[in-house]
Amino acid sequence: IQENKSWRDELVMVFGDNHPHQVIYWANAFRLPDGSPGGLIGSILDITPLKEAEAALREAKDEQEAIFLSGALGMVYLRQRIIIRCNRKMEEMLGYEPGEMLGQSTRLWYADQASFDNAAQEAYPRLARGETYQGEWPFHNKKGALLWVRISGRAIDPESPEKGSVWMLEDITQEREAKRIATMTARNQQLAQAQANLNPQEQIEDIIIPAGTIEYGQLLIEA
């Protein structure tokens, strides 16, 4: 008051409801006409709802951060196909050290420029329409080894592409290999069953014809 200053601060006050409230206050000192200190004029604003909302947002952000970092799937945030952020699972999947991919183009995931361009032509028009893109793509890890990923992505704001997109990736290399082996096994079983259903003469001809010894097979049949 002596210095005739103004100030602002936040504190906790107990109101008439006997509950603590977060408040912000402003105070201004004033002087009397004769120049002597006159007192303070101020105002108090209850910001408890604001503080509660901020705490809820922080908690939600912390929860999202925990999900992002500990997710079982690879997660990545892209802007203009540049890697802005990714979780550790994503780095491990592709064989990179923590933070090594940040700031780099997703071109490093693809075998060639054509694959990189094709992925954009297939996925980004859907994101621009507000849709979720889902697909399976061949990627290459840091050492150049091929892996297949199931990928799902969505734009943060379809009307503002500059805000980027968020993607989830799952390594399905082993899953695809298992399907390939199962398909081959089923095909071989069908061929074996078809062979077993042939009569003896057809079986002999079937075996001998590929070797180019039709005559020899005929002699065996006659015998």
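**A pocket, a sheet and two helices**

The second largest pocket holds about 180 Å³ of space. Like everything described here, this pocket comes from a predicted model rather than an experiment. How does one find a hollow like this? Rolling a probe the size of a water molecule over the atoms shows where empty space is left. Two elements, strand S4 (74–79) and helix H3 (113–128), each give two or more residues to the lining. H3 gives the most, with three residues. The full lining runs through Leu78, Arg79, Gln80, Arg81, Tyr124, Leu127, Ala128, Ala155, Pro158, Pro161, Gly164 and Ser165. Sorted by class, that makes seven nonpolar, three polar and two charged residues.

S4 also belongs to an open sheet of five strands, and here the order is S5-S4-S8-S7-S6, with antiparallel pairing. Which strands stand at the edges? They are S5 (82–86) and S6 (133–140), and each has a single partner strand, so one side of each is left without a neighbour in the sheet. From one strand to the next, the twist averages 35°. Zooming in on one pair, S4 and S5 are joined in the antiparallel sense over four bridges. Within this part of the sheet, Val76 stands opposite Cys86 in S5.

Now for the helices. H3, already met at the pocket, lies across S4, S6, strand S7 (146–155) and strand S8 (165–171). Its direction is at about 165° to S6. Helix H4 (residues 173–196) lies across S6, S7 and S8, and runs at about 120° to S7.

S7 is also home to Ser152. Is Ser152 buried or exposed? Its relative accessible area is 17%, and buried means under 20%, so Ser152 counts as buried. Leaving aside residues up to four places away in sequence, Ser152 touches Thr132, Tyr133, Gln134, Val166, Trp167 and Met168.

One more residue is worth a look, this time in strand S2 (residues 20–31), where Ala29 is found. With a relative accessible area of 11%, Ala29 falls under the 20% cut-off too, so Ala29 is buried. How far apart are the C-alpha atoms of Ala29 and Gly39? The two residues are ten residues apart along the chain, and their C-alpha atoms are separated by 5.7 Å.

Key
Residues numbered from 1 in each chain as written. Predicted model: local features only at pLDDT ≥ 70, side-chain atom pairs only at ≥ 80, totals over all residues. Heavy atoms only, no water. 1 Å grid on protein atoms, 1.4 Å probe; cavity = no way out; pocket = protein on both sides within 12 Å on 5 of 7 lines; lining within 4 Å. Points joined across faces, edges and corners; volume = space filled by probe spheres on them. Nonpolar A, V, L, I, M, F, W, Y, C, P; charged D, E, K, R; others polar. Buried < 20%, exposed > 50% of the residue type's maximum accessible area, 1.4 Å probe, protein only. Pairing = 2+ DSSP bridges. Axes fitted to C-alpha atoms, helices over the stretch in contact; angles between N-to-C directions. Contact = heavy atoms within 4.5 Å.
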